[in-house]
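Work through the following exercises on a strand and its neighbours, with the model open beside the text.

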Amino acid sequence: MLGGDVYYQIAGQDPRDMVVADFNADGILDLATSGILGPEVCVVLGDGLGGFNDDHDFNAALGFGDPGPWGLAAGDFNSDGNLDLAVTLGAGWDLYGNTNYKVNIFLGDGAAGFTFLQEIQAYGPFPIAVSTADLNEDGILDLAVISNHYGVSTHLGQGDGTFGATIPAGGSSAITAGREIACSDVDGDGHVDLIVGAGNSTSVWWGDGSAVFSTSSATSVSPGDFASLADLDGDGDLDLATAVADQFPNYTGGLWISLYSGNRSFSTGGKYGAAFDGSTVVGDMNQDGSPDIVALDGSQVHVYRNLGQAVFEETGQYPINLQPMAALGGDWDGDGDMDVACACRNYGATPWLAIRMNVTQ
Ligand SMILES: [Ca+2]
Ligand SMILES: [Ca+2]
Ligand SMILES: [Ca+2]
Ligand SMILES: [Ca+2]
């Protein structure tokens, strides 16, 4: 179960995305959050006792009139041992009304400081999510970017932290809406696949190591945008848990479980709860070896315990002040279990980071 809520003021109004990583290489997990109504990315450092400090914000929207940062991905893009960040400037228009395609690349210094390196262009405007993996299997991290309403692009890492020409993935305008993208080898063939969250469907685009993805062989898995991957039923392959809002006329909202059944297909593993929105968190909350799920409903954190074999039971609802927009898990108090952090919207005022420690005995 989760303990009481603790709040930290953060920079970057209207947060939309978070990444968890150890940005200052002290062995303690830190967090970065984006906020679309300001220019800043907020980096808060874990103190190992469950506390955070927030002295490491930086401006990620650098051009005059640029929209604010939305999607985040962390990885060591130039292989110097320090974590770097890719930041999408996802809101649709800049101050002049021009549509926006920008994704900015920042190199980390290993001490939670970030320096601008490169601006790249997504395939379409509204780039709102980014993920990183080595898509073309040359040992260098690449990027996959989803532009809401306009498709997916990949960008090959060059080794020095920069990225090469924009590659339209899945052909042009392969999707009509998109809010989330993830990279993982779902079918276990050694090639990274894309998990594409496009509102009325989350689908897997199967990779072949080329960083060009075909939608003709894609597998539609579930409705919704925000899928988390983990071996939910303990059979050794990756399954999906997807948060589905009630906004889709053909689906009812809830936490949809989709179990990988081999041969690039999934079976339905059930649906829990009502409407959820925002990122889900998968991790072992009670250290029984089965991944549990945390989902957001706009005002509360819901914890679903995995009873084994991907059968879930809701074990708690925990209110969060303000509106939690994104959630992540990590062990921030160093007791070995997964705690939960939420970035909360505050409608034009200062946003907050809400932390609830896992106090399962
Ligand atoms: Ca750290
Ligand atoms: Ca680096
Ligand atoms: Ca690569
Ligand atoms: Ca694969």
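**Exercise 1.** Determine in which sense strand β1 and β29 pair, and over how many bridges.

*Solution.* Strand β1 (residues 2–9) and β29 pair in the antiparallel sense over 6 bridges, where strands are DSSP runs (E, at least two residues) numbered from the N terminus and two strands pair if DSSP finds at least two bridges between them. Within this pairing, Val6 has Ile355 of β29 as its bridge partner, and Tyr7 has Ala354. This is a predicted model, in which local features need pLDDT of at least 70, side-chain atom pairs count only at pLDDT 80 or more, and totals for chains, interfaces and linings use all residues. Residues are numbered from 1 along each chain as its sequence is written, and chains are lettered from A and ligands numbered from 1 in the order in which they are written.

**Exercise 2.** Find how β28 pairs with β29, and place both strands in their sheet.

*Solution.* Strand β28 (residues 339–345) pairs with β29 in the antiparallel sense over 5 bridges, with Ala343 opposite Leu353. The hairpin of these two strands has 6 residues between them, and there Tyr347 takes a positive phi near 50 degrees. The open sheet has 4 strands in the order β1-β29-β28-β27, with antiparallel pairing; its edge strands, β1 and β27 (323–330), each pair on one side only.

**Exercise 3.** Explain why β29 is described as largely enclosed.

*Solution.* In β29 (residues 352–358), 7 of the 7 residues are buried, so the strand is largely enclosed by the rest of the structure; buried means that 20 or more other C-beta atoms, placed from the backbone, lie within 10 Å of a residue's own. Both faces are covered, with Trp352, Ala354, Arg356 and Asn358 buried on one side and Leu353, Ile355 and Met357 on the other.

Note on methods: Buried ≥ 20, exposed ≤ 12 C-beta atoms within 10 Å, placed from the backbone.
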